[in-house]
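Student: I should like to learn how to read the architecture of a protein model. Could we work through one chain and its contacts step by step?

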Amino acid sequence: MNASEAMDPNPTTLKPSDTIECAAEYIMKNRYRNLPVVDENFCYVGMFGVNCLLKQVIPKAVFLPQGLENVSFIHESFEDLFHRFSEVKDQPISICMSKEIEPVAPDTPLTETMMQLYKTRASIPVVEEGTCKLLGMISYWEIGEKILAAGGPKDA
Amino acid sequence: MHSAHQADVIFGLSPVLFAGSLFVLTYLLIITERLNRAIIAMTAAALMIIGGVLTQEAAVQGVDFNTIGLLTGMMIIVGITRDSGVFQYLAIRSAKVVKADPWGILVMLMLVTALLSALLDNVTTVLLIAPITLLITDTLKISAYPYLFAEIFASNIGGTATLIGDPPNIMIGSATGLGYNDFLFNLAPIAIVILIITIIPIYFIWGRHLKADAELIEKVMQYREIDAIKDWVLLKKSLFVMTMVMIGFIVGHDYGYQPATIAMFGAAVLLTLNCLPHDQEKQTELVAKTLGDVEWITIFFFIGLFILVYGVESTGILESLAHQVIELTDGDKTVTAISILFVSAVASAIVDNIPFVATMIPLIKNMAASFGGAEELLPIWWSLALGACLGGNGSLVGASANLIVAGFAERSGQPIRFLPFMLMAFPMMLVSVMISAVYVYFRYF
């Protein structure tokens with residue numbers, strides 16, 4: 001068994017030009033943690049998710065390499081966080097999408113795919129080898145459901 | 001000279017040609033920054049031995065373990081102290097003391113940076129201050145550029161003031177036997193004057209235009225600096241050890257204790273105090289973390305350079321250069337001191353001041369006989385220290401701390417470009433060197 005058999009072939013996707021506000025509302029409404037971002041050719045370009053949103057509302061100095069490790073002296077309200085969010089809400093999601101999640105090829109063996117999922121701790125994209133075309137997504141839920149279903153129907 | 005260590009023929013070349021060529025090549029490679037400087041220095045050191053200029057025993061003799069020990073010891077002490085949050089506390093407190101007024105914050109952060117740079121190394125200081133600066137300027141919605149520019153200057157000026165403030169001073173102190181108090185009494189007064197004078201152009205260029213909304217100022221005032229202290233017990237231990245180490249630097253010289261002994265002993269005591277309450281496993285973890293925080297790149301860079309320069313010195317090149325410098329200045333000590341001050345400043349603005357000072361130390365030592373003994377060299381040592389430390393302000397590559405600040409600026413989206421920085425900084429650096437020249441002239445001649 002390999003990644004292509006474990007993936008959802010029709011995942012919800014975002015475009016790099018979608019605004020942060022629009023994408024945020026969508027992922028909040030549907031309780032997504034991460035969504036793949038694809039260009040007009042359905043080429044995978046990154047992931048956008050709740051971490052990106054958090055990053056926008058926390059002071060920038062915290063996320064700089066060798067930046068502030070201790071922020072316990074800053075006391076802010078939801079209004080402060082919203083104010084910071086409103087400064088970037090009209091920006092495209094391309095400014096903060098994550099490119100760190102490594103996609104897997106469709107013929108990646110199931111165990112290796114599971115290892116990748118475990119290490120990434122987020123849904124992983126399946127991308128056509130040699131191109132960047134997004135073929136599907138593998139999430140904990142799909143994998144979990146398929147593992148449980150493999151045991152056959154439960155006895156009453 | 002150390003001719004006893006030399007072989008007669010090296011790869012068919014004379015020792016002078018081999019060591020001289022290797023030295024020039026090493027400098028060029030360091031300037032290009034194509035390869036990590038520690039790798040370059042270590043390779044050059046190894047080639048000095050393989051090439052037959054030095055034996056391994058001679059190479060070890062060339063390493064100034066007082067400099068290495070002092071640097072390592074202070075890095076350990078600062079690395080542990082940093083975890084207490086005291087430096088963040090100081091930066092936030094200083095901003096609140098001036099009611100978060102943008103110009104007041106700039107002056108206060110300059111003063112804190114200068115003070116910390118005098119007590120810690122400059123790189124550590126800017127690593128602690130720059131993120132807080134970016135947080136404050138981001139909150140106030142003002143440009144971070146003037147603040148970061150001022151902090152670069154403050155770190156290099158502050159570092160000039162003490163024996164432990166900047167690596168060139170550590171090297172000079174170690175090579176000459178000049179102690180903490182000597183540096184404090186001879187360099188701190190002029191460093192304070194230069195710092196105050198440096199604030200003036202910064203005010204006229206940027207300071208008078210710095211404004212922020214009252215609402216944003218209030219946000220900075222809401223920072224609770226006391227919450228920045230993460231570990232009160234560690235803070236007390238760290239401050240106790242740092243105070244003892246400073247006292248050790250001040251009085252230890254009279255009892256024949258080298259700064260490296262004091263710094264390493266302080267580091268060992270602080271490590272013990274930090275580890276003692278924990279079990280074996282946690283102790284190992286804490287020691288590994290602390291030693292991992294030591295800037296080994298800098299330490300190995302120093303070791304390699306010491307061997308390289310010792311090799312060059314052993315061939316007599318530096319002695320010959322020293323005689324040429326004296327000939328150029330007609331044996332006039334005043335002209336020699338002032339020339340070294342300016343040459344050091346300009347050179348340090350262009351190349352790393354560590355290899356420059358490592359080369360200048362044996363060169364100046366070779367002038368002792370011409371000027372009537374080692375005691376007569378004091379004004380020249382102070383000129384070298386002032387030139388090498390202040391010269392770091394001349395360009396973005398003049399000091400490691402400058403590059404660290406530039407890195408923060410770049411990542412925060414407010415880059416400090418090489419040329420615009422130099423156009424502003426180089427003249428300001430020259431002014432500071434001119435002030436130093438006046439000081440050296442009137443105080444020592």
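Tutor: Let us begin with secondary structure, bearing in mind that this is a predicted model. Chain B has 22 helices and zero strands.

Student: How is the overall compactness of chain B to be judged against a globular protein of that length?

Tutor: One compares the radius of gyration with the globule rule. For chain B the radius is 22 Å, close to the 22 Å that the rule gives for 445 residues, so chain B is as compact as a globular protein of that length. The C-alpha trace of chain B spans about 75 × 55 × 45 Å along its principal axes, and buried residues account for 51% of the 445 residues.

Student: At what angle do helix 4 and helix 12 of chain B pack?

Tutor: Angles over 145 degrees count as roughly antiparallel. Helix 4 (residues 65-82) and helix 12 (residues 232-252) of chain B pack at about 155°, their axes 10 Å apart, which makes these helices roughly antiparallel. Their crossing is left-handed.

Student: Which residues of helix 4 and helix 12 of chain B meet?

Tutor: From helix 4 come B:Ile77, B:Ile80 and B:Thr81; from helix 12 come B:Ser238, B:Val241, B:Met242 and B:Val245. By class, this contact comprises five nonpolar, two polar and no charged residues.

Student: How many residues does each chain bring to the contact between chain A and chain B?

Tutor: Chain B brings 19 residues and chain A 13 residues. On the side of chain B that touches chain A, helix 7 gives the most, with six residues. That side has nine nonpolar, four polar and six charged residues.

Definitions and conventions: Residues are numbered from 1 along each chain as its sequence is written. Chains are lettered from A and ligands numbered from 1 in the order in which they are written. This is a predicted model: local features need pLDDT of at least 70, side-chain atom pairs count only at pLDDT 80 or more; totals for chains, interfaces and linings use all residues. Two residues are in contact if their C-beta atoms, placed from the backbone, lie within 7 Å. Helices (H or I, at least four residues) and strands (E, at least two) are DSSP runs, numbered from the N terminus. Ala, Val, Leu, Ile, Met, Phe, Trp, Tyr, Cys and Pro count as nonpolar, Asp, Glu, Lys and Arg as charged, and the others, Gly among them, as polar. Axes are lines fitted to C-alpha atoms, for helices over the stretch in contact, and angles run from 0 to 180 degrees between N-to-C directions. Angles under 35 degrees count as roughly parallel, over 145 as roughly antiparallel, 65 to 115 as roughly perpendicular and the rest as oblique. A crossing is left-handed if the near helix is turned anticlockwise from the far one by less than a right angle, and right-handed if clockwise. The radius of gyration is taken over C-alpha atoms; the globule rule is 2.2 Å times the number of residues to the power 0.38. A residue is buried if 20 or more other C-beta atoms lie within 10 Å of its own, exposed if 12 or fewer, and partly exposed in between; C-beta atoms are placed from the backbone.
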